[in-house]
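Okay, thanks everyone for coming. I'll put the structure up and then walk you through it piece by piece.

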There are 4 protein chains.
Amino acid sequence: MIKAAVLGATGYAGAELMRILSQHKDVEIVYPASHSYAGSKFSDIYPGMKGVLDMVLREDDIEKAAEEADVIFLSLPAGLASSLVTDKILSSAVVIDLGADFRLHDKAVYEAWYRTEHHSPSLLQEAVYGLAEIHRDEIRGKRLIANPGCYTTCSIMTLYPLVKNGLIEKDGIIIDAKSGTSGSGRGEKLGSLFCEVNESIKAYGVTTHRHTPEIEQELSLAAGESIVLQFTPHLVPMNRGILADCYAHLVSGVTEKDVEEAYSVYKDEPFVRIVSNPPETRYVKGTNCIDISWRLDKRTGNIVAMGAIDNLVKGAAGQAVQNMNIVFGLEETEGLSLGAGCPF
Amino acid sequence: MIKAAVLGATGYAGAELMRILSQHKDVEIVYPASHSYAGSKFSDIYPGMKGVLDMVLREDDIEKAAEEADVIFLSLPAGLASSLVTDKILSSAVVIDLGADFRLHDKAVYEAWYRTEHHSPSLLQEAVYGLAEIHRDEIRGKRLIANPGCYTTCSIMTLYPLVKNGLIEKDGIIIDAKSGTSGSGRGEKLGSLFCEVNESIKAYGVTTHRHTPEIEQELSLAAGESIVLQFTPHLVPMNRGILADCYAHLVSGVTEKDVEEAYSVYKDEPFVRIVSNPPETRYVKGTNCIDISWRLDKRTGNIVAMGAIDNLVKGAAGQAVQNMNIVFGLEETEGLSLGAGCPF
Amino acid sequence: MIKAAVLGATGYAGAELMRILSQHKDVEIVYPASHSYAGSKFSDIYPGMKGVLDMVLREDDIEKAAEEADVIFLSLPAGLASSLVTDKILSSAVVIDLGADFRLHDKAVYEAWYRTEHHSPSLLQEAVYGLAEIHRDEIRGKRLIANPGCYTTCSIMTLYPLVKNGLIEKDGIIIDAKSGTSGSGRGEKLGSLFCEVNESIKAYGVTTHRHTPEIEQELSLAAGESIVLQFTPHLVPMNRGILADCYAHLVSGVTEKDVEEAYSVYKDEPFVRIVSNPPETRYVKGTNCIDISWRLDKRTGNIVAMGAIDNLVKGAAGQAVQNMNIVFGLEETEGLSLGAGCPF
Amino acid sequence: MIKAAVLGATGYAGAELMRILSQHKDVEIVYPASHSYAGSKFSDIYPGMKGVLDMVLREDDIEKAAEEADVIFLSLPAGLASSLVTDKILSSAVVIDLGADFRLHDKAVYEAWYRTEHHSPSLLQEAVYGLAEIHRDEIRGKRLIANPGCYTTCSIMTLYPLVKNGLIEKDGIIIDAKSGTSGSGRGEKLGSLFCEVNESIKAYGVTTHRHTPEIEQELSLAAGESIVLQFTPHLVPMNRGILADCYAHLVSGVTEKDVEEAYSVYKDEPFVRIVSNPPETRYVKGTNCIDISWRLDKRTGNIVAMGAIDNLVKGAAGQAVQNMNIVFGLEETEGLSLGAGCPF
């Protein structure tokens with residue numbers, strides 16, 4: 001059994017991780033922790049898990065976690081992880097960080113977008129960007145995994161085959177993404193109240209959202225040249241799900257067949273489903289899958305590529321478990337759901 | 001492996017059953033059927049199951065199903081099952097009927113409330129009412145299981161300990177129940193449209209809902225005398241979940257302790273959780289659990305007992321699998337979820 | 001023009017009041033106030049009113065308000081109004097309190113249920129319970145109007161004709177009420193977050209909700225004897241609306257015709273609609289109407305009477321304006337909506 | 001009083017029109033009609049209007065309507081209006097068509113996108129595209145008004161100032177639009193069921209939606225050259241509202257100030273609000289307003305311009321009444337709401 005610690009276990013992503021780990025046959029949660037609720041039972045905070053996860057929450061103490069666990073999952077506010085993870089911690093446990101601190105390779109880019117200092121820049125080289133479908137081989141031997149963001153997972157995976165194969169113009173990529181409200185977290189903010197979110201849709205973080213440089217980093221790596229793009233997230237009145245509509249101008253002469261072949265890079269991926277209809281977030285709800293579809297438009301010369309994920313699963317907790325499975329040499333799908341019930 | 005047939009696999013309850021069976025380690029679905037979609041892949045109708053359940057749907061032919069399967073699940077419109085099930089069918093397969101045809105022991109009561117003829121009254125004695133927490137021993141040896149209704153499961157289980165132990169007055173019981181919209185089914189009805197359901201709540205079937213005699217039958221059996229009660233269902237703008245608020249006048253002298261002891265009848269039940277706060281449907285979503293709580297009111301002399309289930313799981317497909325597990329001697333919880341993620 | 005002050009203008013009820021007053025042809029808002037947002041434009045807090053209500057919010061200062069206004073609406077936390085209203089204030093302005101401080105005639109009952117001291121018990125006799133359909137004549141000459149609560153308005157109006165005419169047993173009345181989430185207010189509470197409310201239903205305040213004594217007071221007055229009843233509120237995932245299902249045992253011999261005649265007390269009421277189908281909250285959304293329907297059940301001897309209102313309109317701001325219209329001798333429907341668009 | 005006929009009064013747009021007209025002080029509805037519900041009271045179909053619109057619905061007979069009414073509103077399926085409207089009809093009544101039949105000036109474009117024959121091409125020249133903020137002067141003298149579509153109103157008004165003033169590149173415009181479910185109409189379709197729409201988001205009509213040529217027509221007119229653009233609509237789990245995110249590359253050298261000046265074309269428009277935060281559909285719900293905001297992105301050289309309307313009001317019924325007001329020389333805002341309550 002792999003012994004797991006979860007720091008930040010009572011946020012939405014952390015709690016989803018707890019739930020998934022509780023179903024994983026090779027994992028034992030030995031150190032569940034929450035700064036806000038230390039001393040409470042997990043199931044008192046999440047009564048849906050009563051009888052399943054009644055363990056008492058401990059403090060977010062990474063050193064104690066490292067003593068007891070083989071793998072430490074961090075689901076903490078931005079900037080905190082980079083001050084907690086050290087070489088010593090990594091020498092005794094694998095760290096999978098669900099936050100943003102180790103995702104950007106360039107400290108300056110991190111500090112510019114997150115407006116906070118990075119506390120362990122030396123570890124940036126050690127970290128791997130944990131998007132398995134692209135970096136699986138690099139993930140295998142690593143001790144520090146930067147689990148990708150929700151919008152970014154969906155956007156990168158949708159655009160990667162097109163960029164990698166040079167099928168679209170590098171300039172002018174536009175990503176219009178929509179997210180369920182769990183993406184805003186469990187904080188008691190006015191903008192997250194039911195009556196402020198329900199029956200409405202809005203964009204936010206227009207031109208400034210922090211997931212932008214993360215998408216650009218990965219697509220630039222795939223392209224072999226710098227990509228600058230437009231990313232606009234939206235808040236949708238639903239619990240879960242991200243839909244990313246990706247617009248790009250096709251390189252002259254690119255055909256439907258070229259596009260199909262590009263996406264065949266995913267043909268053996270257990271969590272990628274190429275679908276014919278535009279993807280709907282409900283069809284990936286609760287799963288670790290991404291559904292991808294596209295349309296070529298002869299009138300405009302564009303491709304509209306669309307991807308859908310569950311922001312708390314493939315966009316956070318599920319992907320973290322997928323990464324753990326890879327690092328520890330387990331079946332990559334172990335503990336992760338592949339099929340979504342409907343309606344759910 | 002138990003070979004399973006599902007007739008009516010593309011209604012909401014049938015599809016949920018397909019999903020649960022696909023996760024059951026001892027079951028193989030050998031005969032998935034749908035009158036409306038015979039010839040299509042299941043995952044074309046439910047794209048959330050792409051890659052998991054891509055099998056082609058067949059016709060709703062119970063005789064062919066009986067040839068191939070050990071257990072036949074029926075999820076069909078009222079009145080149809082009673083014309084399909086025969087002794088011959090039962091001699092070759094166990095039948096678990098998710099519909100209402102075999103739930104009422106009294107043919108006359110069935111015909112009065114359902115306003116249709118019952119086509120196989122002789123089988124009514126053979127059928128067992130498949131509420132395991134009450135009739136587990138009777139279920140074990142049976143070939144024909146009448147899987148309880150959604151409202152009825154929730155209502156009966158919430159009131160049973162009180163009635164069985166004579167803690168409440170037999171007259172004056174009131175059940176005010178609330179259901180998510182999946183309970184209305186997948187039919188293309190005006191009243192089921194998003195814009196007709198969303199942002200509203202209403203009662204329906206007031207004084208006439210067909211689940212009433214089913215609740216009365218089971219509580220009367222528990223009481224050892226006839227119980228007539230008030231049942232009012234409501235439509236709630238959410239996908240899943242039933243909450244049943246049950247009001248009754250306490251027999252004079254009954255204490256909090258008496259009530260606690262009565263509910264301790266469930267103490268070893270894997271799917272019953274006695275909770276301190278009023279139950280919320282989200283905490284049982286996707287699980288086969290019922291959450292029960294109650295309050296005694298000294299001012300009025302009443303007890304308010306509240307139960308919450310997932311109407312498609314414990315109220316339909318999950319309970320059907322629970323019954324199958326019992327009949328075939330498997331672990332009762334096999335394939336069934338005990339913990340609910342939140343938000344989901 | 002009537003000059004109006006609104007203290008607590010940025011809570012949901014206060015803001016709805018601002019909106020309604022802005023449409024009222026005989027009213028000018030001269031003193032909009034908010035403790036939290038003093039100094040901001042109203043339309044900065046409620047951008048939906050940009051161009052309509054751009055006035056700057058002032059402090060919640062009742063003395064200044066009384067200097068400038070003919071009528072002061074209070075939409076404040078429980079316990080605050082009773083410490084602000086004085087004879088002096090009432091000598092210069094009419095006060096319509098949307099809170100609970102002046103609703104209960106008995107100081108002891110108030111203090112027992114609200115667990116706070118009442119600061120101006122001498123005014124309790126001066127206040128009138130502002131439910132126009134029952135107390136219209138008393139309201140006319142009054143300076144201090146206690147605007148009824150949302151659940152209470154709906155419950156009392158639904159049951160009043162039955163109680164007044166002695167058609168139901170006084171013992172055993174049960175009210176199972178359901179409310180949209182705006183009833184929980186605009187406070188930044190965990191339980192009001194979208195992801196905590198959406199896709200679920202729950203009861204709360206079971207046996208202890210503060211609207212109970214208010215309902216009992218008014219029905220006892222109507223009955224001429226003390227009534228103690230069971231009241232259970234629920235939280236529904238929708239913005240607005242209250243549905244109250246009221247259960248009572250019919251007095252022996254009472255007929256459908258008796259009930260119809262009892263409800264004919266409302267036949268000239270502009271805001272009461274007797275409807276044949278069970279009422280749906282969407283049909284009163286945005287209006288000051290209550291829709292009432294009922295069913296007699298021969299099997300149980302009960303009546304199920306159902307009422308639906310918009311909690312922010314007839315349950316708060318609309319009723320307050322209705323009361324103002326009465327006190328100032330205007331057309332009672334002035335400024336108030338009678339028809340609900342659907343879907344809205 | 002203007003005498004109005006409404007053909008197709010029971011669809012969502014038709015019913016909203018009925019509601020708005022019922023509040024219009026200069027209008028009397030003399031001929032409400034519905035093919036499906038002729039003979040029923042309007043308030044039996046829309047109980048929210050009980051007491052307000054209890055008139056009996058008549059057949060969709062345009063000739064009778066023309067005899068009795070000064071203005072005929074058509075809210076009919078695509079292709080029907082073009083076979084009903086004739087010179088004779090127009091000689092006795094003004095026709096405002098909420099459908100698509102007279103919006104496109106080019107018969108061939110209509111027939112290509114709508115895949116149906118146009119039955120009265122001679123009237124295409126007579127019709128005016130009824131977007132008042134752009135074509136007000138042309139609307140004044142007209143007898144046949146083609147009321148714009150919902151997506152198109154929102155998209156055109158958001159982009160018009162940029163295109164008109166040559167601030168954006170004509171190539172590469174992308175519109176990613178999101179609509180509430182009332183836009184799908186009241187038809188009993190599987191895809192419109194609550195359980196199929198709720199808790200999900202999807203694109204549809206990708207590269208093929210019929211509102212595309214309408215947007216292109218109007219923006220091409222504004223630009224003085226042909227514009228071909230990408231338009232993608234989405235279905236959002238909410239009743240009402242459209243958000244259109246419009247992406248375009250700024251012409252070199254264009255500044256924030258240039259953009260502000262371009263949008264000042266709307267400065268005297270009663271229904272246009274330039275807002276600083278990204279617009280939210282809830283803030284225009286029930287109103288005839290459009291909220292517009294934008295961001296310039298120095299990194300990409302793009303502008304992201306966002307517009308929000310209520311699809312049933314400014315996107316359909318409200319705009320139709322605005323057009324009627326113009327044609328009949330009334331105050332343009334008469335009968336139309338300018339402020340949105342929240343939460344609603």
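**Inside the sheet of chain D**

Let's begin in the middle of chain D, with strand β3(D) and strand β4 (residues 94-97) of chain D: they run parallel and are joined by 4 bridges. Before I go on, please keep in mind that this is a predicted model.

If you want to find that pairing on your screen, look for D:Phe73, which sits opposite D:Ile96 in β4(D). Then there's D:Ile72, and its opposite number in β4(D) is D:Val95.

Now, β3(D) has another partner. Strand β1 (residues 2-7) of chain D pairs with β3(D), again over 4 bridges and in the parallel sense. Here D:Ala5 is the residue that stands opposite D:Ile72 in β3(D).

So what about the two faces of strand β3 (residues 71-74) of chain D, covered or not covered? Both are covered. On one side you have D:Val71 and D:Phe73, on the other D:Ile72 and D:Leu74, and all of these are buried.

Let's zoom out to the sheet. It's an open one with 6 strands, paired in parallel, and the order in chain D reads β2-β1-β3-β4-β6-β5. Which strands are at the edges? Those are β2 (27-33) and β5 (128-129) of chain D, and each of them pairs on one side only.

There's also a helix to point out here. Helix α1 (residues 12-22) of chain D lies across β1, β2 and β3 of chain D, and runs at about 155° to β2(D).

**One chain as a whole**

Switching to chain A for the overall picture: there are 12 helices and 13 strands in this chain. Taken along the principal axes, the C-alpha atoms of chain A fill a box of roughly 60 × 45 × 40 Å.

Is that spread out or compact? For 344 residues, a compact globule would come out with a radius of gyration near 20 Å, and chain A has 19 Å, so the two agree. Of the 344 residues in chain A, 62% are buried. And if you take contacts in chain A between residues at least 6 apart in sequence, 71% of them join residues at least 24 apart.

**How the chains meet**

Next, the contacts between chains, starting with D and A. 39 residues of chain D touch 39 residues of chain A. On the chain D side, several strands each supply at least two residues, among them β7 (174-179), β10 (242-249) and β13 (302-309) of chain D. By class, that side has 18 nonpolar, 11 polar and 10 charged residues.

Then there's B and A. How many residues does this contact take from each chain? The answer is 29 from chain B and 29 from chain A. Helix α1 (residues 12-22) of chain B gives the largest share of the chain B side, with 5 residues. That side divides into 14 nonpolar, 8 polar and 7 charged residues.

Last point, the symmetry. You can superpose chain B on chain A with a rotation of 180° and 0.0 Å of shift along the axis, at an RMSD of 0.0 Å. That's why we can call this the relation of a two-fold axis. If you're looking for the axis on screen, go to B:Phe344: within chain B, its C-alpha is the nearest one, 3.8 Å away. And the same surface serves both copies, since 100% of the contact residues of chain B recur in chain A.

Conventions
Residues numbered from 1 in each chain as written. Chains lettered and ligands numbered in written order. Predicted model: local features only at pLDDT ≥ 70, side-chain atom pairs only at ≥ 80, totals over all residues. Contact = placed C-beta atoms within 7 Å. Nonpolar A, V, L, I, M, F, W, Y, C, P; charged D, E, K, R; others polar. Buried ≥ 20, exposed ≤ 12 C-beta atoms within 10 Å, placed from the backbone. Pairing = 2+ DSSP bridges. Least-squares fit on C-alpha atoms with pLDDT ≥ 70 in both. Axes fitted to C-alpha atoms, helices over the stretch in contact; angles between N-to-C directions. Rg over C-alpha atoms; globule rule 2.2 N^0.38 Å.
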